[in-house]
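Subject: Structure handover

Hello,

Here is the structure you are taking over. Please open it alongside this message.

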Amino acid sequence: MKKAFTPCRIGACELKYRFVMTAGNLGWCTDGHVSDETVAFYRERAKGGAGLIVAGAAGVDPVRMNRQGMMQVCQDRFIPGLKRLADDVHRHGSKIFLQLMHAGAYAKPEEHGMLQPVSASEYECGFTRARTKELTVEEIRQIEEYFKDGALRAKEAGFDGVEVIASAGYLISEFLSKAVNKRTDEYGGSLENRTRFLEEILQQIKNSAGADYPVMVRLSGADFIPGGNTAKDTVETAKRIERWVDALDVTGGWHESQVPQITYHVPHGAYLFLAKLIKDVVSVPVVGCNRLDMDTAVNAIEAGTIDMAGMLRGFIADPAVVEKYKTGRKAEIRPCLGCNQECLERIFRGGRLGCVVNPLVGREDEKLHTGAENQQILVAGAGPAGLAFASESAKTNRVTVWERENTYGGMARLIGQMPNREDTQSYLEYLFYMCNKRGVRFVFQKNADPRELLELLESGKFDKVVVASGSLYEREIKREYPVAPDARVLSIQDFFQEKACSDKHMVIIGAGYQAAQLGLTYASRRYREEERRFIGKYAPAYTECVDNIMRREKPEITLITKGKKPGEGFGMTTRWIMLKEIKESGIDVKTETEVLRVEKNRVVCKEKGEEIFIPADMVVITGGEKPNPVFHKEIPEALKGRILWIGDAGKTGRISEAVKSAFQTAINQKEDRDV
């Protein structure tokens with residue numbers, strides 16, 4: 001048996017497996033109380049094989065209390081709900097800790113009764129843009145009491161231990177970090193002084209809850225902010241607090257770090273080196289985190305890089321991720337896309353947790369409709385919506401999928417070809433696998449002709465037709481501006497189908513999500529990364545020569561938009577990364593620029609009232625999607641309830657909207673063109 005599936009101890013607490021579901025605000029609590037949704041959510045992850053669940057974060061400060069969906073442990077009235085949660089997780093075989101948290105500078109005034117956020121020092125927080133108030137020594141001592149009281153309440157509620165969050169930019173990490181802690185008293189200056197706040201919290205918890213009550217601390221392996229703590233600083237901090245803790249949970253940097261932390265740009269396991277640096281100098285178990293998939297996690301535990309693997313989004317995407325892997329069903333694991341759209345970004349906006357690939361998040365205890373049963377259903381289209389619908393509906397029906405291309409995935413396959421988007425391709429492979437496992441029949445290179453579909457319905461061969469034909473791109477661009485007959489103009493679909501990458505001058509009209517991804521894709525192709533990796537592996541001394549060639553062959557890529565800023569369609573956690581990558585790739589972005597006409601080898605534009613000429617061996621048009629409904633004529637009254645539209649065939653959007661509409665239609669099986 002692999003070491004990852006053997007027991008591990010955190011102090012007096014023994015875990016059945018070495019997989020930790022790390023903490024994250026779910027946004028589901030009402031006035032701080034544990035909700036039914038919260039209990040059901042964690043219950044499913046306990047059933048799915050998590051050795052340890054870290055619930056929360058739970059606020060410890062009764063004065064600066066987040067009432068917008070966040071769990072609280074700051075008063076005795078929260079104990080009954082917390083006890084219900086702990087008991088339910090225990091019934092299903094997992095251990096559970098409660099994460100104790102104080103937001104500090106990250107406490108948005110609008111979520112905390114309009115109170116000014118507090119911190120180690122007075123400064124303007126880069127994450128919230130709010131000015132902080134420096135805590136007095138008396139206030140520091142009071143907050144230490146809050147943490148101690150929170151631990152006692154967690155113990156009374158039946159939690160197996162607590163985790164103190166000293167990472168991500170929250171209050172304790174603000175004291176630890178030399179970037180924002182500018183105090184001159186005993187809580188500032190030297191690393192010893194900056195660690196004092198955390199040490200005193202841990203001492204109080206151990207002295208009050210008992211030396212044998214397990215305590216884990218979550219640390220930022222490095223701050224990754226200007227002037228912040230380095231990995232070396234964190235190693236020293238870990239050594240200082242080791243005597244007060246039973247385990248250390250090592251993550252990446254702060255929420256405001258200008259280094260990607262948990263988005264799809266981060267390779268799986270990229271930050272495990274931070275955990276290893278600490279594991280090498282402490283005797284307590286170390287949890288490694290950030291963008292782990294099961295293969296990476298298991299291999300890291302086997303290699304001794306970490307003692308336990310911490311995952312949150314992997315458990316959100318698939319509650320049974322551990323149990324599936326353990327029982328040899330790796331292909332059935334629903335992968336996280338690393339997109340942050342429905343999880344981190346929703347919470348940052350004060351919303352409720354969701355998941356792009358798992359529509360059941362927040363609905364774990366809901367009695368869902370079974371939808372149709374024992375019907376013959378035809379799905380027109382094998383993109384994300386068609387695959388998601390077919391997979392779900394095939395649980396109780398016989399499903400056939402027609403796809404006009406020679407493979408599955410639709411436009412999402414194009415996303416999977418873009419830099420850092422391999423997880424999107426993995427998700428499509430998962431959907432296709434689940435369809436086949438449930439008996440879905442696929443017919444490729446088969447167009448869904450409206451007349452034929454109606455005939456099939458009228459004859460009774462199929463009980464329902466689900467239109468998942470995706471979107472079409474508007475290729476007739478001459479309506480907006482003239483295009484010369486000899487100009488090379490492509491849609492995004494054309495670009496990927498042709499695998500175009502030989503043109504020196506490329507102009508992309510549009511600067512939103514599609515345009516930015518396309519530009520970066522083209523730039524990465526032109527840089528000849530495959531050749532660079534090959535030379536680096538077999539003849540590393542010549543890598544510089546290859547780099548010189550790549551620099552000479554660097555393409556000239558221009559993005560043109562009428563808007564004031566590029567990046568429309570990106571979320572707050574990914575837009576800044578995209579802008580940084582565009583700048584580093586040398587892509588020129590022209591904003592507030594109007595395209596006048598496209599000529600052979602150039603695009604004529606108006607910029608600041610003047611006509612300019614941009615060289616263009618190839619022009620790619622982005623945007624312009626429109627639904628691609630198969631049916632263009634009126635549907636007979638008798639058949640109206642038997643034709644359903646899902647995904648972009650009903651309303652264009654992103655993968656998240658397509659999957660949601662597919663799932664909702666599958667469980668309800670009703671006509672709804674705007675689902």
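Below are notes on the strands, the cores, the ring contacts and a few backbone points.

Please keep in mind that this is a predicted model.

Strands

A good place to start is strand β17, which covers residues 464-467. Lys464 and Val466 point one way from this strand, while Val465 and Val467 point the other way. All of these residues are buried. The pattern fits a general rule: in a regular strand, side chains alternate between the two faces of the sheet.

Strand β17 has partners that can be followed in the model. Strand β14 (residues 376-380) runs parallel to β17 and is joined to it by four bridges. In that pairing, isoleucine 377 stands opposite lysine 464. Strand β28 (residues 643-645) also pairs with β17 in the parallel sense, over three bridges. There, leucine 644 of β28 stands opposite valine 466.

Further strands form an open sheet of five, in the order β19-β26-β20-β21-β22, with parallel pairing. Its edge strands are β19 (489-491) and β22 (588-590), each of which pairs on one side only. From one strand to the next, the twist averages 20°. Within this order, β20 (residues 505-509) and β21 (residues 556-560) run parallel and are joined by five bridges. Isoleucine 508 has leucine 559 in β21 as its bridge partner.

Cores

The largest nonpolar core has 139 residues. The members that touch the most other members are Phe19, Leu85, Leu98, Phe159, Val217, Leu248 and Met294. Helix α14 (residues 422-437) gives the largest share of this core, seven residues. A second, separate core has 23 residues, including Leu414, Ala523, Leu559 and Ile587. Leu559 in this second core is also the bridge partner of isoleucine 508. In soluble globular proteins, nonpolar side chains tend to be buried together.

Leucine 85 can serve as an example from the largest core. Leaving aside neighbours within four places in sequence, leucine 85 is in contact with Val34, Thr38, Val39, Tyr42, Ala55, Met71, Ile96 and Phe159. Of these contacts, Phe159 is also listed among the core members that touch the most others.

Another buried position is serine 167, found in the loop between β9 (161-166) and α4 (171-176). Serine 167 counts as buried because its relative accessibility is 1%, and the cut-off for buried is under 20%. Beyond the neighbours within four places in sequence, serine 167 is in contact with Ser173, Arg218, Leu219, Ser220 and Thr251.

Rings and charges

The count of aromatic pairs comes to 16. One pair is phenylalanine 175 with tyrosine 187: the ring centres are 6.4 Å apart and the planes are at 80°, so the pair is edge-to-face. Phenylalanine 175 belongs to helix α4, and tyrosine 187 to the loop between α4 and α5 (191-209), twelve residues apart. Both residues, phenylalanine 175 and tyrosine 187, are buried. Elsewhere, ring pairs link Phe5, Tyr17, Phe19 and Tyr325 into a cluster.

Two arginines sit with their charged ends over tyrosine rings. For arginine 413 the ring is that of tyrosine 408, with the charged end 5.1 Å from the ring centre. For arginine 421 the ring is that of tyrosine 264, and the distance to the ring centre is 3.9 Å.

Backbone points

Most residues other than glycine have a negative phi, and most peptide bonds are trans. The following places depart from that pattern.

Glycine 56 and alanine 57 are joined by a cis peptide bond, with omega at about 10°. Alanine 57 lies in strand β4 (residues 52-59).

Asparagine 340 has a positive phi, near 70°. Asparagine 340 is located in the loop between α10 (321-326) and α11 (344-348). With a relative accessible area of 2%, asparagine 340 is buried.

Glutamine 445 also has a positive phi, about 55°. Glutamine 445 is located in the loop between β16 (441-444) and α15 (450-459). Unlike asparagine 340, which is buried, glutamine 445 is exposed, with a relative accessible area of 62%.

Regards

Notes:
Residues numbered from 1 in each chain as written. Heavy atoms only, no water. Buried < 20%, exposed > 50% of the residue type's maximum accessible area, 1.4 Å probe, protein only. Helix = DSSP H or I, 4+ residues; strand = E, 2+ residues; numbered from the N terminus. Pairing = 2+ DSSP bridges. Axes fitted to C-alpha atoms, helices over the stretch in contact; angles between N-to-C directions. Contact = heavy atoms within 4.5 Å. Core = buried A, V, L, I, M, F, W, Y, C linked by side-chain atoms within 4.5 Å. Phe/Tyr/Trp six-rings, centres within 6.5 Å; stacked < 30°, edge-to-face > 60°. Lys NZ or Arg CZ within 6 Å of the ring centre and 35° of its normal.
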